[in-house]
Amino acid sequence: MMARSEAVRFHRPRSADAERGGQLGWKKRPDRFVSRDLTEDGEMAGSSPFRMRLVHLDLKGAPPKVSYLSEILPLFRALGANGLLIEYEDMFPYEGALRLLRARHAYSPSEIREILRLATLNELEVIPLVQTFGHMEFVLKHEALAHLREVAPFPNTLNPHEEESLALVGAMIDQVMALHPKARWLHIGCDEVYYLGEGEASRRWLQQEQNTKAKLCLSHVQAVASHVLARHPATTPLLWDDMLRAVPEDQLTASGVPQLAQPVLWDYGADLDVHSKALLMEKYRKCGFSRLWAASAFKGATGASQALTPTEHHLRNHMQWLQVAASGPADALQGIVLTGWQRYDHFSVLCELLPVGIPSLAVCLQSLLHGGFAEDVKARVENFLGISSLDITGVTSAGAGSFPGSDILALVTQVSLHLHSSVDELLQRDRYVTGWFSPYHRRRKLIHPVMIQHIQPQALSLLARWSTLAGELEAAMQRVFYPDAVDEWLEENVRPSLQRLQQLLQDLGEAAGAQSPRAGPGPDPRQEP
C-alpha cells in the first residue's frame with residue numbers, strides 16, 4: 001500500500017500531441033518498423049517452429065478504429081506476425097435479415113476492405129472467425145432469434161436440431177466470406193458449447209440408443225464444416241478443440257470431422273502441461289486431422305476485469321508452447337494464434353485494452369520467433385516499442401514507450417495502480433476524515449468547522465488531479481476506440497472513484513452549511529435524529 005504522500009504523486013505520460021507526433025513520425029520514417037528479423041525474401045528469420053503466427057483481434061469489446069489498425073499493423077508485422085485472426089462478432093456489417101446483429105459502430109463493407117488492404121500491405125494473412133455453435137450471445141440475445149437457443153433462458157448455445165439454426169450460421173458464413181473471398185481458412189469457433197444436450201429437443205434425442213453429447217456436437221460441426229467446403233471449396237475450416245478433447249478416438253474418426261476441418265488446440269496457462277498436450281496432438285493425428293494449430297494468449301486470459309497485462313504469465317505460456325512444438329514432428333503444428341481476448345463473453349466487462357497488451361504481444365511474438373526471451377530478444381522488443389527498460393515481472397513504467405497507443409498504456413497504468421488506492425487513502429485512512437467526518441457524521445451533516453480546512457483542500461486537490469488525468473485518458477482513447485467503448489471503460493474504472501470524491505465534497509458542503517451560525521445549532525451526536 002502506498003503512503004499517503006505517494007498516492008497523489010502522478011507520473012505524467014507524454015502529451016497527446018507528442019504521442020501523436022511520434023506516430024506520424026513513423027509514417028514519415030517507415031524504417032522505424034523495418035524488422036531486422038526479415039530475410040531478403042521477406043520471410044522471418046529465427047528458429048520458430050510455427051510457420052504461421054496470427055494475432056487475434058477480438059472485436060466483441062473495444063474494437064479499434066481502422067485508423068488505429070493502420071498504425072499498429074506495421075508493428076505486428078515487424079514483431080514477427082504474418083497473419084490476423086479477426087473475430088468480428090457484431091462488428092461485421094451483416095445485411096438483410098441479419099442486419100440486427102450489427103453493433104452501433106459496426107465496420108462498413110468499405111472499412112472491412114480497407115482492413116484487408118492494410119493487412120495485405122503488411123503481409124498479414126487474414127483468417128475471419130465466425131462463431132457457429134457456442135458463444136452465440138450476440139446472435140441469440142435478439143428476440144427474433146431466441147427460439148434457436150439450445151436452452152431457452154440462455155443465449156450461449158445454438159440449438160443443433162433446428163434446420164433454421166444451420167441456415168442461420170450458413171448465411172452468416174456466406175456474408176463474411178463474400179467480403180473475404182481469398183481467405184484460405186475460416187475459423188468456425190465451436191468452443192465452450194455450454195448446456196449442449198440440456199434443451200428439450202436434445203434430451204429427447206439423447207434418450208435414443210447410441211446417441212451421445214459427443215455425437216450431437218460432432219454432427220453440428222460436420223454440418224457447418226460441410227457448408228463451408230461446399231460453398232467455398234478453397235477455404236479450410238478451423239475450430240477450437242476443447243469440445244473434441246474428451247471424444248473417444250473411434251467416434252472422432254467416424255464422424256468425418258477430421259477430413260473436413262483443422263483443430264486449434266488452445267491453452268493459455270503459464271503452467272501448460274507439455275506432455276498432455278503432446279498426447280492430445282498424437283490423438284488428433286491418429287483420428288485423421290491433416291493439420292493442427294496451437295493457440296496461446298498475449299492478453300485477456302488472466303481475469304475478466306483485468307486492466308493491466310501480466311506479461312510474465314503470457315511469456316511463460318508461450319515458452320510452454322515452444323516445448324510442445326519441440327516434442328513432436330517438425331511440421332506437427334501449422335501455426336499458432338496469439339489470442340488477445342477483449343471480453344470473456346458478449347456480456348462480460350472489458351479486460352485489457354489492445355494498446356495495454358502491446359508490450360506483452362511484442363515479448364511473445366519475438367520469443368516465438370527466436371525460441372526464447374534472451375537479453376538480445378529483450379533488447380529487440382525495447383527497440384520496437386521505444387521502451388528504455390522493459391520489466392516483464394511487473395508493470396512497464398508509466399510514460400514509457402513510443403508505439404501507437406502507448407499514451408493509453410501509460411494513463412491506464414496510472415489509473416489502475418493509483419486511482420482507487422489514493423481515494424481509499426483519503427477516505428479510509430486519513431485521520432481527519434476517519435476521526436471527524438465518518439459515515440456517522442456524514443449522514444447527520446455533523447462536523448467541527450475547523451476540520452473542513454483539513455479535509456476539503458485535500459479532496460479538491462485529489463479530484464482536480466485525477467479529473468485532469470481522466471480527461472487526458474478519454475481524449476487518448478477517443479483516437480483509438482468508438483465512444484461506447486470509451487464510456488464503458490471510464491464508467492467501470494474511473495468514474496466510481498471520482499464520484500466518491502465528489503460525494504465527499506458535497507457532504508462537506510452540506511455539513512458546513514448545517515453548522516453555520518445562521519443554520520442554528522447542529523444536531524447532538526448523542527441523540528438519534
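Which residue in β5 is the bridge partner of V151?

## The β4–β5 hairpin

The partner is F154. Before going further, keep in mind that this is a predicted model. F154 sits in strand β5, which covers residues 154-158. Strand β4 takes in residues 149-151, and a hairpin of two residues carries the chain from β4 into β5. The two strands run antiparallel, with two bridges joining them.

Most of β5 is tucked away, with four of its five residues buried. F154 itself is partly exposed, at a relative accessible area of 35%. Together with Y194 and Y195, F154 makes a nonpolar surface patch of about 280 Å². Patch members need over 30% relative accessible area, and F154 clears that bar because its own value is 35%.

## Two residues with positive phi

Here's a bit of backbone background: most residues other than glycine have a negative phi. E123 goes the other way, with a positive phi of about 55° even though it is not a glycine. You'll find E123 in the loop between α4 (109-121) and β3 (125-129). E123 is partly exposed, with 46% relative accessible area.

H135 is another case, with a positive phi near 50° in a residue other than glycine. H135 lies in the loop between β3 and α5 (137-140). In terms of cover, H135 counts as buried, at 13% relative accessibility.

## Cysteines without a disulfide

If you're looking for disulfides, the structure holds zero. Take C190: the nearest cysteine sulfur belongs to C217 and is 6.9 Å away, and C190 is in no disulfide. Seen from the other side, C217 is in no disulfide either, and its nearest cysteine sulfur is that of C190, at 6.9 Å. A disulfide calls for two sulfur atoms within 2.5 Å, so the 6.9 Å between C190 and C217 rules this pair out.

How accessible are these two cysteines? C190 counts as buried, at 1% relative accessibility. C217 counts as buried too, at 3%.

## A buried asparagine

N317 is part of helix α11, which spans residues 311-326. With 0% relative accessibility, N317 counts as buried. What does the side chain of N317 reach at 2.9 Å? It reaches the backbone oxygen of G269.

## Salt bridges within a helix

Across the whole structure, a search finds 20 salt bridges. One of them pairs the side chains of R117 and E114, at 2.9 Å from N to O. These two residues are three apart in helix α4, so about one helical turn separates R117 from E114. Both ends have some exposure: R117 is partly exposed at 45% relative accessible area, and E114 is partly exposed at 28%.

K378 and E382 form another salt bridge, and their closest N and O atoms are 2.6 Å apart. This pair belongs to helix α13 (residues 375-385), where K378 and E382 are four residues apart and so separated by about one helical turn. Are K378 and E382 buried or exposed? K378 is buried, and E382 is buried as well.

## A long-range pair and a network

The side chains of E510 and K445 also meet in a salt bridge, with 2.9 Å from N to O. This pair links distant parts of the chain, 65 residues apart. E510 is in helix α19 (residues 495-515), while K445 is in the loop between α16 (439-444) and α17 (449-478). E510 is partly exposed, with a relative accessible area of 32%. K445 counts as partly exposed too, at 33% relative accessibility.

Salt bridges can also be followed through a group of residues here. D58, K60 and E87 are linked in a network of them.

Conventions. Residues numbered from 1 in each chain as written. Predicted model: local features only at pLDDT ≥ 70, side-chain atom pairs only at ≥ 80, totals over all residues. Heavy atoms only, no water. Patch = residues over 30% accessible without salt bridge, like charges linked within 9 Å, V, L, I, M, F, W, Y side chains within 5 Å. Areas by Shrake-Rupley, 256 points an atom, 1.4 Å probe, with all protein chains shown as cover. Salt bridge = Lys/Arg side-chain N within 4 Å of Asp/Glu carboxyl O. Buried < 20%, exposed > 50% of the residue type's maximum accessible area, 1.4 Å probe, protein only. Pairing = 2+ DSSP bridges. Polar contact = N/O pair within 3.5 Å; in protein donor to acceptor, adjacent residues only side chain to side chain.
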